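Here are my notebook entries from an afternoon with this model. I started at the interface, then moved on to the cysteines and one helix.

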Amino acid sequence: MSELPASRDVARLSKQETERQSIDYQAFPDTGGHYGSYGGRFVSETLISALDELQRMYQQLKADPEFQAAFDYDLAHYVGRPSPLYLAERLTAEVGGAKIWLKREDLNHTGAHKINNTVGQALLAKRSGKRRVIAETGAGQHGVATATVAARLGLECVVYMGAEDVARQSPNVYRMKLLGATVVPVESGSKTLKDAMNEAMRDWVTNVEDTFYIIGTVAGPHPYPQLVRDFNTIIGREARRQCLTQFGQLPDALVACVGGGSNAIGLFHPFLTDSTVAMYGVEAGGEGLDSGRHAAPLNTGVPGILHGNRTYLMEDEDGQISPTHSVSAGLDYPGVGPEHAWLKDIGRVRYVTADDQEALAAFRKLTHNEGILPALESSHALAYSFKLAMQMSREQHIVVNLSGRGDKDIFTVAAIDGIEI
Amino acid sequence: MTENTSLKNRIDIRFAALRSSGRKALVSYIVAGDGDNTVALMHQLVSSGTDLIELGVPFSDPMAEGPVIQRAHERALANKTSLRRCLKLVEEFRQQDQNTPVILMGYANPIERMGAEVFADGMATAGVDGALTVDLPAEEAEPLNQLLKKRDLHNIFLLTPTTSDARIAAVTRLASGFIYYVSLTGVTGAGHLNPDSVAEHLTRIRQHTDLPLCVGFGIKDGASARAASAHGDGAVVGSVLVAAIGNAENDVAAQDRIGIITNEIRTALDR
């Protein structure tokens, strides 16, 4: 702080920084579900009454201590929270630089952060009295987490999954079937997550009277981005407490992968007002941003409207949604949660990328050095944290959201290695 | 609405004429760029009894459509049919037909990408009379609504069986041209019409507006069109026409088939 900023860029950045300090992040979204110009409710008329009903119910339950107690109970005794904050010592030594701490969402029941949200939405579904739940899934983690809570509550469950993802995530497909869910492969469009979401929306519009749609990420029409965020902020609230207890200060940086962005917002949100904490959301760089084969709307996209909200999208000059690519099915999505779009514009979070090769290398590095198999999605966050750690001092601390475990990905990695298992 | 001489929009002129002759409106939907000659298909629809053409603007993610119309969107996109191209097609249609109202039915993102003002100007220049944007409900429609109003163009809104009375009041305040009543909860091309339910909901809507009420979804033939429009002002037919175009070997065959279907429905409506 002894040096005065010289360049105009720095002066502008610090002005934005000063403006940011006065933002009340809890005030977002507004009553219409907007985060700045993003978010909102862009759906057909048929769904409006169901969304109104969900919003009313959620506002009421959010303030209800009994509901919060039931949610906390399930997180503790069913999900297995709190998840540890683990100092990856060998990995840190291997990378060389800041200390890398892993928020172990991979240790949750069903192996990812997705269960935080489905446990919460299951409580909403139960209150709504609807007997059928539906979900879209990419990697299958949200599908498994939905099938799990549906089995526990005795609800009928239908999961839509892109046909390409069904092929590359077969262990999760079978897990969902064991849990009693019907998995519907979606053959339209690019046969991945966005098409699964289209199909889930079509199911919901048809069966809206008796069906609860459990959306798996912080996208979709209001109030979904808000409630999925709220259910996942347990990640950041725990991590903040754990940082203060385990190393006596706030972390210098947070890193999380961003597909739709639910694990990232869950970690980031409770730290947004802590201006010393830098945040990095890592999008899928696929085969490289120049190749066009990636899934990085915040890095390369433009604002547009898809799946019920306004956000950054990958699209062509006519507004048609572009096909995406990532080695990880869970990041293979052309849009992103609207709150991330806003956090990008105001400069609070930096959105960066890690490509397929970097993610695979990070997958191997964590496995070899720590005995932890990360999901390919989370491996993108790891890959970027290595770059960051190398530029930081040994006294600094990075928290990486290890959002899921990688058992589901061993077939993908084996195939890349040319091994048949 | 009462002073016919002051009507500037083809939709208003057409419904005023239909009302005075006691006839129901036949609204026909096809997807722009599905097939090789959209303009010829439009003229065919008119010559076999269509009052108002709804031209579908193809989108990569048509969330409200059933499989039949989804595939038409995919075919049209394979033919490189952009929103810009759709405006051109209407302009071409207008060279021969100055009277039949045309509305563009599609999704918000292509409009967002073009820019709402450019879109509104493009509609006015091409001779489009209204827009129906499936994923632009009343809450988000105000900017486009203002732009259209300034140009005497209509923003057509959907009402559905799940729309509450309070919402019907709010939507009808914004709406102009006509109201499209979606007869069932579902995607296009699915389900069967329930005439009793339609009658009940149209009565409810009628308490809030004098706008023409057209009923769509679940209309497959003359009988269902007649039943649907019994308590309203018109019927919308889409998936059966789109299926006929999709199944036709060539454009001439497609024209023949949609001509037969439209004629049958027209005859039933006028009976």
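**Entry 1: the interface**

I looked up who touches whom: 33 residues of chain B are in contact (heavy atoms within 4.5 Å) with 37 residues of chain A. In chain B, B:Met63, B:Arg113 and B:Glu140 lose the most area to chain A, together 23% of what that side buries.

A note on what I am reading: this is a predicted model, where local features need pLDDT of at least 70 and side-chain atom pairs count only at pLDDT 80 or more, while totals for chains, interfaces and linings use all residues. Residues are numbered from 1 along each chain as its sequence is written, chains are lettered from A and ligands numbered from 1 in the order in which they are written, and side-chain values use heavy atoms, with hydrogens and water left out.

Next I checked the total area. About 2,800 Å² is buried between chain B and chain A, and carbon and sulfur atoms give 49% of that. Buried area here is the accessible area (1.4 Å probe) that two parts lose on being put together, summed over both.

**Entry 2: polar pairs and who supplies them**

I then asked how many salt bridges the rule finds across the interface of chain B and chain A. I found 4, a salt bridge being a side-chain nitrogen of Lys or Arg within 4 Å of a carboxyl oxygen of Asp or Glu. B:Asp61 forms a salt bridge with A:Lys194, and their closest N and O atoms are 2.8 Å apart.

I also looked at which parts of chain B do the touching. Several elements each supply at least two residues of the side that touches chain A, among them helix 3 (67-78) and strand 6 (157-159); helices (H or I, at least four residues) and strands (E, at least two) are DSSP runs, numbered from the N terminus. Helix 5 of chain B gives the largest share of that side, 5 residues.

**Entry 3: cysteines**

I looked for disulfides (cysteine sulfur atoms within 2.5 Å) and the count is 0 over all chains. For A:Cys243, the closest cysteine sulfur is in A:Cys257, 18 Å away, which is too far for a bond. A:Cys243 counts as buried (under 20% relative accessible area, 1.4 Å probe, protein chains only), with 0% relative accessibility. B:Cys86 also counts as buried, at 0%.

**Entry 4: helix 14 of chain A**

Last, I turned to helix 14 (residues 338-345) of chain A, which is mostly covered, with 6 of its 8 residues buried. Among them are A:Glu339, A:His340 and A:Trp342. Just after this helix, A:Gly347 takes a positive phi of about 80 degrees.

Key: Buried < 20%, exposed > 50% of the residue type's maximum accessible area, 1.4 Å probe, protein only.
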